[in-house]
Structure formats: C-alpha cells, structure tokens
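Hi,

Here is the structure I promised to pass on. Have a look at it first, and then read on for what turned up in it.

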Amino acid sequence: LRSTCQVVRFLAACKQRGIAGVNEPLDKAAEWLLVALRNASTEARADLLWALSACDKSRFESLNSLQRSRTSLSPDGLSRLCLAWHASKRPEGAGEVLDTLRSKVTAAALAKLPAETLALVTQALLLSDRRDALGTAGLQALQAARVGAAWDTVEATAAALAAVTQAQQA
C-alpha cells in the first residue's frame with residue numbers, strides 16, 4: 001500500500017505541474033486505493049487518505065472518521081493525517097491533528113523517531129507554521145540523522161527531502 005500511495009502522490013504532483021499522460025494511471029491507482037481504504041487498518045488509512053487527498057479523491061467523511069480516532073494514531077499516522085488535511089485544503093482539521101501530535105512528540109523525543117517518521121512530523125509541523133519551534137527542532141534532528149547524502153531508507157530520504165525543500169521554500 002505504501003508504494004502505491006507514494007506513486008499516487010507523485011502522479012498527482014505531475015498532474016499539478018501539467019505533465020501529460022498521468023491521468024489514466026493516476027485514476028487507476030486512486031481507484032485501487034479507494035477499494036483498499038475499506039479494509040485498511042487505522043494507521044494505513046492515514047497514508048491512503050493522504051494519497052487520495054493529493055489527487056482530490058478523498059472524501060471529507062473519511063478524513064473526519066479518522067480524525068475522530070486520531071488519539072490512537074502513532075506520530076507517523078498523525079503526520080500523514082495532518083498532511084492529508086492540508087492536501088484537502090482544510091487547515092482547521094490539520095490544526096486539530098497537530099495538537100494531538102504535539103502531545104505525543106516532544107523535542108527530546110524527535111531524535112529517537114525513525115527517519116521517515118521524523119521527516120513526516122517535521123513536514124506536517126512546518127507546513128502549518130514555518131517558524132514552529134518543534135518543526136524547526138525536527139529539521140535540525142533530520143539534518144543530524146542524514147548519513148552521507150541520504151537517510152537510512154529510500155522512503156526516509158524522499159520524506160526528508162520533501163521536508164527540507166518545504167522548509168526552504170516557506
């Protein structure tokens with residue numbers, strides 16, 4: 001599921017930039033994710049909804065349903081849900097998720113997070129407020145976690161590059 005979610009987010013970004021030929025594969029992948037959403041775990045739903053929100057295929061009801069059970073989500077899931085709300089252009093939903101995320105992640109705990117989760121947490125925090133103190137601390141922890149030119153996994157590297165790029169563009 002994670003790979004398909006990443007492909008959908010990539011294809012949605014390509015579509016936003018006007019790249020030709022992405023509509024059909026994007027629609028097929030999004031349809032597949034919509035089917036997968038029905039039986040997905042709570043954590044997986046956060047990633048699915050983020051991908052579906054990126055291509056304007058998520059429903060408010062699905063986001064709101066996961067929002068109501070946000071206290072059971074891990075920092076990774078909370079970050080993905082926050083990014084889904086932002087992709088859906090509903091920052092008020094993202095703000096509620098960030099409150100829960102801040103209660104679960106402290107500045108001292110940032111360096112202990114897996115690199116991908118750290119990058120997602122940082123991205124979610126800085127997307128809401130580019131001067132966020134915890135987001136800035138996350139960015140510093142993320143830069144310290146880099147190994148050479150990358151992070152420990154391909155997924156972590158992609159998430160970290162997105163967070164760093166976002167921080168520099170803000």
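R130 is partly exposed, with a relative accessible area of 45%. You'll find R130 in the loop between helix 7 and helix 8, the latter being residues 133–145. Along the sequence R130 and A167 are 37 residues apart, yet in space their C-alpha atoms are 6.7 Å from each other. Before going further, please keep in mind that this is a predicted model.

Next, the pockets. The largest pocket has a volume of about 1,000 Å³. Its lining is made up of 32 residues, and those lying nearest the centre are R9, A13, W50, Q123 and A162. As for chemistry, the lining splits into 16 nonpolar residues, eight polar ones and eight charged ones.

Which helices each supply at least two residues of that lining? They are helix 1 (2–16), helix 3 (42–54), helix 5 (75–87), helix 7 (115–128) and helix 9 (154–169). Helix 9 gives the largest share, with nine residues.

Then there are the cysteines. If you go looking for disulfides, you'll come back with zero for the whole structure. Why is C5 not in one? The closest cysteine sulfur to that of C5 belongs to C55 and is 9.8 Å away, which is too far for a bond, since a disulfide needs the two sulfurs within 2.5 Å. C14 is in no disulfide either: its nearest cysteine sulfur, again that of C55, is 13 Å away. Both C5 and C14 are tucked out of reach by the usual cut-off of under 20% relative accessible area: C5 counts as buried at 1%, and C14 is buried at 8%.

Last, helix 4, which runs over residues 60–68. Its buried residues are S62, L63, L66 and Q67. Why do these four belong together on the helix? They cover an arc of only 140 degrees around the axis, so they sit on the same side of helix 4. The spacing fits the general rule: an α-helix has 3.6 residues a turn, so residues three or four places apart point the same way. And what covers the buried residues of helix 4? The cover includes helix 2 (23–37), helix 3, helix 5 and helix 6 (91–104). Helix 3 and helix 5 may ring a bell, as each also supplies at least two residues to the lining of the largest pocket.

That's the tour. Shout if anything is unclear.

Cheers

Technical notes
Residues numbered from 1 in each chain as written. Predicted model: local features only at pLDDT ≥ 70, side-chain atom pairs only at ≥ 80, totals over all residues. Heavy atoms only, no water. 1 Å grid on protein atoms, 1.4 Å probe; cavity = no way out; pocket = protein on both sides within 12 Å on 5 of 7 lines; lining within 4 Å. Points joined across faces, edges and corners; volume = space filled by probe spheres on them. Nonpolar A, V, L, I, M, F, W, Y, C, P; charged D, E, K, R; others polar. Buried < 20%, exposed > 50% of the residue type's maximum accessible area, 1.4 Å probe, protein only. Arc of directions from axis to C-beta. Contact = heavy atoms within 4.5 Å.
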